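Welcome! Take a moment to look over the sequence and the model, and then read on for a short tour.

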Amino acid sequence: MVKVDVKYTKLFINNEWVDAVSKKTFPTINPQDESVIAHVAEGDKADIDIAVAAAKKAFHRYSEWRKLDASQRGRLLLKLADLIERDLEYLGQLETLDNGKPVKQATGEAAWTAQIIRYYAGKADKILGNTIPADGEVLSMTLKEPVGVCGQILPWNYPIPMFVWKIAPALAAGCTIVLKPAEQTPLTALALAALVKEAGFPPGVVNVVPGYGPTAGAALTNHPDVDKIAFTGSTEVGRIIMSGASAVNLKRVTLELGGKSPLVIFNDADVEKAAEIAHGAVFANAGQSCVAATRTYVQSGIYDAFVAKAAEIAKKRTVGNSYTDVEQGPQIDEEMFSKVLNYIKSGKEQGARCVTGGERIGNVGYFIQPTVFADVKDDMKIAREEIFGPVQSILKFDTFDEAVDRANDTNYGLGAGVITNDITTALSFAKHVRAGSIWVNTYSVVATQTPFGGFKESGIGRELGEDGILQYLETKTLTISLPKQPAI
Ligand code: ADP
């Protein structure tokens, strides 16, 4: 196993490294071998209170941060992007240690975040309001202003990208931040916090408080001095956050939640290409992706050939030591590992045909075989619930309308895909399916410049692109009375 130096394990508040008020720590576990990597300071309500006070002070109208020109906020972000690129290799290795994903993937994700930061750096001094031809003798305009102190709560599946998706637009907008990484993966958030300081952001602008959800997370969600909560995670916790956010004040919320996304493949598709796209759509990140296309609908004419091809590709998927050139590492932790194995068990019990996989790999670490189920029915648990693991469910359909109705028969609405060479089929599907991102003849292409988020119980609001920064801005309408015009 590669030796990675863990440099930061304390809370990051006011640009300082501090212990938790309680002095408590919690272990973070290496999912590849189940060993304890490090003990990290465990933030709770008292620490959140201190961090929010720091963020509030940094948001004061006379603070160093608020007095910076917008272009200077952009300059600081550009510096942060450079520092991430300088430390790419280290960040990738640290992510692999804590999260278990293949190091090449982790490094690639970190590299992408430098691009995202530069995108928002460019936006910092291009936040424009409108002038509006309002009724009456007035001049009216809108000003876009930062929302204020933002609480940001992250998941463990893409720790570096999630950190950056959250902080970059908020900082470009001029907000201040208290961020809680997931308890499974606190290490890269702390390493990134060190880079935020090195880039020159003033104290209190970004604070990072590791800890658990029901303690530190809830304290942040319920804090009266937090103006906005941005959360990525499960729909179950999203509901808790949404109600907590309205308990003591009325926080703005952005929620990016779960999914059970459909990928619909029509008879005219090239079976081999379609099976490759469908494979990537499910198995990327060991299936631990909210947008994973875990319902693969295949039209009856190519169904059998598709199932055979899907199984063949899944069998070849390389799973193992994430510091080597593998496609898949372990699941994040014992809890998710058991949950995924239970879903596999339920698929078998409910009569789906397991055509490959279905077991754990080895007896140390949370590795699971890439698993493909065929003949899945819409009411089976594996077709309805988010599995968050390397499990593909293949379902057969006959007609276009049936495919759209079944694709939409879910409480989720994050992503959807269609594979066909017929443009009217593709566009008609895109029009009728209810999801935030639709992919045609590809899947999971998430670009810096395009909005990402969900319909229905997959969330509220959008991240990335122009929409991403709008979530961190309030609109202020300014109306100026003008002298009455004399009659002529
Ligand atoms: P998962 O089920 O994939 O672990 P969760 O939605 O449980 O995802 O967790 C995502 C993030 O939400 C984590 O940072 C976690 O600590 C946090 N969280 C969990 N429960 C709560 C809660 N009650 N209040 C605030 N944050 C929470």
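The sections below cover the ligand, its surroundings and one sheet.

## Where the ligand sits

Keep in mind as you explore that this is a predicted model. A good place to begin is the ligand: the space it takes is the largest pocket. Around the ligand there are 21 residues, and the closest of them are L154, W156, K180, E183 and S234.

What kinds of residues make up this shell around the ligand? They divide into 12 nonpolar, seven polar and two charged residues.

## Polar contacts and cover

Three contacts involve oxygen atoms of the ligand. With S234, an N or O atom of the side chain lies 2.7 Å from a ligand oxygen. The side chain of K180 also takes part, with an N or O atom 2.8 Å from an oxygen atom of the ligand. At G213 the partner is a polar backbone atom, and the distance to a ligand oxygen is 3.2 Å.

How much of the ligand does the protein bury? Taken alone, the ligand exposes 550 Å², and the protein buries 84% of that.

## Elements around the ligand

Look next at the elements that give two or more residues to the shell: helix 8 (213-221), strand 10 (228-232) and helix 9 (235-244). Helix 8 gives the most, with five residues.

## An open sheet

Now turn to a sheet in the model. Three strands form this open sheet, in the order 5-6-20, and their pairing is antiparallel. Strand 5 (131-132) and strand 20 (473-481) are the edge strands, each pairing on one side only.

Strand 6 covers residues 138-146, and nine bridges join it to strand 20. To find this pairing in the model, look for K144, which stands opposite T475 in strand 20. In general, the strands of a sheet pair through backbone hydrogen bonds.

Conventions: Residues numbered from 1 in each chain as written. Predicted model: local features only at pLDDT ≥ 70, side-chain atom pairs only at ≥ 80, totals over all residues. Heavy atoms only, no water. Near = heavy atom within 4 Å. Polar contact = N/O pair within 3.5 Å; in protein donor to acceptor, adjacent residues only side chain to side chain. Areas by Shrake-Rupley, 256 points an atom, 1.4 Å probe, with all protein chains shown as cover. 1 Å grid on protein atoms, 1.4 Å probe; cavity = no way out; pocket = protein on both sides within 12 Å on 5 of 7 lines; lining within 4 Å. Sits in = over half its atoms within 2 Å of the grid points. Helix = DSSP H or I, 4+ residues; strand = E, 2+ residues; numbered from the N terminus. Nonpolar A, V, L, I, M, F, W, Y, C, P; charged D, E, K, R; others polar. Pairing = 2+ DSSP bridges.
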